[in-house]
Amino acid sequence: MEIKVEKPSEKALSDLGVRSWPVWEKEISRFEWYYDEKEVCYFLEGEVTVETKHGNVSFGKGDLVTFPEGLKCVWVVKSPVKKHYKFG
């Protein structure tokens with residue numbers, strides 16, 4: 001299960017309709033998470049490392065990140081996060 005991290009163009013963000021997606025915010029923290037469906041999110045602020053059994057993946061402001069369905073991981077929020085997100 002691979003976490004996909006991209007640096008999208010403004011056109012790509014517009015084509016996806018990212019700015020109309022809900023916003024989620026989280027303080028510096030560490031927590032377990034399980035994805036029961038795919039999530040795509042665009043980071044407006046923050047820095048995160050996600051720990052999986054396959055290794056760690058880091059991302060933050062300006063990244064478009066896709067988490068696969070079935071992923072079990074630990075989120076390590078290193079600086080406060082603000083992101084647009086979409087499930088399914």
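The secondary structure of this protein, seen here in a predicted model, comes to one helix and seven strands. Read from the N terminus on, the elements follow the order β-α-β-β-β-β-β-β, with the helix placed between a strand at the start and the run of strands that comes after it.

**Overall dimensions**

The protein has a radius of gyration of 12 Å, which agrees with the value near 12 Å that a compact globule of 88 residues would have. Taken along the principal axes, the box filled by the C-alpha atoms is roughly 35 × 25 × 20 Å. Of the 88 residues, 40% are buried, and the accessible surface comes to about 5,300 Å², with 50% of that area belonging to carbon and sulfur atoms. Among contacts between residues at least 6 apart in sequence, 77% join residues at least 24 apart.

**Strand pairing around β4 and β7**

Strand β4, which covers residues 39-52, has 10 buried residues out of 14, so this strand is largely enclosed by the rest of the structure. Three partners of β4 can be described in turn. With β5, strand β4 forms a hairpin that has two residues between the strands, and their pairing is antiparallel over six bridges; within this pairing, Val50 stands opposite Val57 in β5. With β6, which covers residues 64-67, strand β4 pairs in the antiparallel sense over four bridges, and here Glu39 stands opposite Phe67. With β7, strand β4 pairs in the antiparallel sense over 11 bridges, where Cys41 has Tyr85 as its bridge partner and Phe43 has Lys83.

Strand β7 (residues 72-87) also takes part in pairings with β2 and β3. Strand β2, residues 23-26, pairs with β7 in the antiparallel sense over four bridges, and the bridge partner of Glu25 in β7 is Lys82. Strand β3, residues 29-34, likewise pairs with β7 in the antiparallel sense, over six bridges, and Ser29 of this pairing stands opposite Val77. The table sets out the pairings of the strands described above.

| Strands | Sense | Bridges |
|---|---|---|
| β4 and β5 | antiparallel | six bridges |
| β4 and β6 | antiparallel | four bridges |
| β4 and β7 | antiparallel | 11 bridges |
| β2 and β7 | antiparallel | four bridges |
| β3 and β7 | antiparallel | six bridges |

**Aromatic rings**

A pair of aromatic rings is described by the distance of the centres and the angle of the planes. With ring centres required to lie within 6.5 Å, the count for this model comes to 12 aromatic pairs. One of them is formed by Phe43 and Phe59, whose ring centres are 5.1 Å apart and whose planes stand at 55 degrees, a geometry that counts as tilted. This pair links distant parts of the chain, since Phe43 belongs to β4 and Phe59 to β5 (residues 55-60), with their positions 16 residues apart in the numbering. Both rings belong to residues that count as buried: Phe43 has a relative accessible area of 0%, and Phe59 has one of 4%.

Phe59 also pairs with Trp75, and in this case the centres are 6.1 Å apart and the planes at 80 degrees, so the pair is edge-to-face, because an angle over 60 degrees falls in that class. This pair, too, links distant parts of the chain, with Phe59 in β5 and Trp75 in β7, 16 residues apart. Trp75 is buried at 1% relative accessibility, because the cut-off for a buried residue is under 20%.

Phe43, Phe59 and Trp75 are among the residues that ring pairs link into a cluster, together with Trp24, Phe31, Trp33, Tyr35 and Phe67. Two residues of this cluster also appear in the strand pairings: Phe43, whose bridge partner in β7 is Lys83, and Phe67, which stands opposite Glu39. Phe31, another residue of the cluster, has a charged neighbour as well, for Lys26 lies over the face of its ring at 5.2 Å from the ring centre.

Conventions: Residues are numbered from 1 along each chain as its sequence is written. This is a predicted model: local features need pLDDT of at least 70, side-chain atom pairs count only at pLDDT 80 or more; totals for chains, interfaces and linings use all residues. Side-chain values use heavy atoms; hydrogens and water are left out. Rings of Phe, Tyr and Trp (its six-membered ring) pair if their centres lie within 6.5 Å; planes under 30 degrees apart count as stacked, over 60 as edge-to-face and the rest as tilted. Buried means under 20% relative accessible area, exposed over 50%, partly exposed in between (1.4 Å probe, protein chains only). A charge sits over a ring if NZ of Lys or CZ of Arg is within 6 Å of the ring centre and within 35 degrees of the ring normal. The radius of gyration is taken over C-alpha atoms; the globule rule is 2.2 Å times the number of residues to the power 0.38. Contact means heavy atoms within 4.5 Å. Accessible areas come from the Shrake-Rupley method with a 1.4 Å probe; for residues, only the protein chains shown count as cover. Two strands pair if DSSP finds at least two bridges between them.
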